[in-house]
Amino acid sequence: MEMQLEMDVGNTAAELEGQSWAWVVFLRVGQSAGLIDHVTFLLHETFRNRVVVVERPDETGTFLSPQYSGWGVFKLGIDVHWKSDLVASPTSTRLAHMLSFSRPEATETVSASIVTRSSPDAVMIADFDVLEKQADPPQDLWSRPEVVQRLRSTPFLVRDDRRFFHGRLCGPDLPLPDAVWKSDRKPREGSVDWLTATEFADSPQVLQMKVDILAALLKSSEKTVAYTGAGISVPAGIGQAAVGSAVGKKTIDAQPTVTHHTMAALNARGWMHGWVQQNHDGLPQKAGYPQESINEIHGSWFDPSNPVVLYSGTLRSELCEDMVDLADTSDLTLVMGTSLTGLNADQVAKKPAKRSLSGASLGTVIISPQQTDQDGKATLRIFAQADAVMALLTKRLGLQVRSQPRAFTKSLKVAVPYDRHGVRSQKRRTYWNLEPGQKVRVNQHNNIEGAGQPSFKHVNAATIGEVLRRDDYCSSLVICFDGTSVRLGLWWLEAAQRGAIDRLPVVNDSPEFC
């Protein structure tokens, strides 16, 4: 006999501390529970025990999953397996439910068509004193070996695969991101033909789920490296070369964003080990990220020995060597705010992704509202502004994050373990005096010629400059070299006191020994 069976699927939600939720998924069928052999709840692929089998309902005819807790929502599957001696067809029915925390119980009614072998009136609930099959204690996310195995078994994705929008760790059932700003233009000249500057945004539920995955990857990573471009500094008012929905005009006066502050906090917690920074803006250091742990591969506004490199210029050799080392040794690379359009530095993103195919790394996470032609290689792909992702990540990880630029030492004359040439030394200590009026020279180990900046090319290691003033708002000192004013970040003083850098960017013309 054919019958239409109505069932309620849904989940409970109870708010916990720290914006977390305790939840249980259920299938409520009432007296018709006697038709069901067992129910399988299929959780998101990031759950260690994602297949949960429940063999018996409660006294109300409701099949309940174990209780879980977390922040993220996702679409889960519910397989209803019918008793073969009572139901002729089908053998099972697949249902779906989108997890929701918007109310204490999120429920929807669904129907299933079945053909029974006897009158439905004869089917009654039985054996309710038997509890559902006990599962192992739930784990929110895979262990590292499981992630590595997943990446090893998942090749790079092609564009017509829905996972191209989500990453190789995610399943194909996630909703696609919405296009929130459309453009027919390429993000940069030289971009692949299919790529446009259109900006996308994951839904809040999908975004939170992806942030949960990101948090787990960061905790599992043995060495995490950030690779960032202009996009993370656009919220600070700094412009970018790539086509996008935002513009900016600030330079040295820009202040750190949520992303910069979060990165500094991640470094302090030991979850961020290196940073290859395409930008020149000094915002990571203003947020408290240590100078010795950042590679300003394309030059800096706050380092006279490493001027911004023109496209026709030459990168600083030791920074190139460090960049290659980070690309070769990164376990997880976090990419933000860059279009990945073929720069040499893009190897920091590409090499770990390639190693993940053999299980040698956790690969690459890409965070950007715009697509890149590297998206199919990503372990995780997040379509959102970096600040939005970092704000959620700080809550997920319980990070203490600054909201203002950090204050730097007031002393402009400090004892440092460096010789008269500004080279770190275990035998010599000098006073690095950067008080106004002091005469200084750029360290002889510099990239002035390689950078190719016309306004600075007349300066060399023999040129005498003068410290003019301290600018606390811009966290820097103003130094004039033969009519050209440059900036030196105040953070260099503290890095030098720690002996954390190989060479001082500028040295006193007449050094004073301790």
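Begin by selecting residues 258-268, which form helix α3. In this predicted model, helix α3 lies across strands β13, β14 and β16, and its direction makes an angle of about 165° with β16.

Keep helix α3 selected and examine its surroundings. The helix is mostly covered, with nine of its 11 residues buried. Colour these buried positions: T259, H260, H261, T262, M263, A264, A265, L266 and N267. Next, display the elements that cover them, which include α2, β13, β14, α4 (283-286), β16 and α7 (386-397). Just after helix α3, select G270, which takes a positive phi of about 80°.

Now show the sheet beneath this selection. Six strands form an open sheet in the order β15-β14-β13-β16-β17-β18, and their pairing is parallel. At its edges are β15 (294-295) and β18 (380-382), each of which pairs on one side only. To inspect one edge, select β14 (residues 274-277) together with β15; two bridges join these strands, which run parallel. Within this pair, V276 has N295 in β15 as its bridge partner.

Helix α2 is the next selection, at residues 204-220. Helix α2 lies across β13 (224-228), β16 (332-336), β17 (363-367) and β18, and runs at about 135° to β18. Helix α2 is also among the elements that cover the buried residues of α3.

Move next to the second sheet. Here three strands form an open sheet in the order β19-β20-β26, with antiparallel pairing. The edge strands are β19 (413-416) and β26 (512-513), and each pairs on one side only. Select β20 (residues 430-433) and β26 to view the two bridges that join these antiparallel strands. Place T430 at the centre of the view: F513 in β26 stands opposite this residue. Then add helix α9, residues 491-498, which lies across β19 and β20 and runs at about 30° to β19.

The last stop is D178, in strand β11 (residues 178-181). Is D178 buried or exposed? D178 has a relative accessible area of 53%; exposed means over 50%, so D178 counts as exposed. Display its contacts as well: leaving aside residues up to four places away in sequence, D178 touches E199, F200 and A201. For E199, a distance can be drawn between the C-alpha atoms: D178 and E199 are 8.5 Å apart in space and 21 residues apart in sequence.

Note on methods: Residues are numbered from 1 along each chain as its sequence is written. This is a predicted model: local features need pLDDT of at least 70, side-chain atom pairs count only at pLDDT 80 or more; totals for chains, interfaces and linings use all residues. Side-chain values use heavy atoms; hydrogens and water are left out. Two strands pair if DSSP finds at least two bridges between them. Helices (H or I, at least four residues) and strands (E, at least two) are DSSP runs, numbered from the N terminus. Contact means heavy atoms within 4.5 Å. Axes are lines fitted to C-alpha atoms, for helices over the stretch in contact, and angles run from 0 to 180 degrees between N-to-C directions. Buried means under 20% relative accessible area, exposed over 50%, partly exposed in between (1.4 Å probe, protein chains only).
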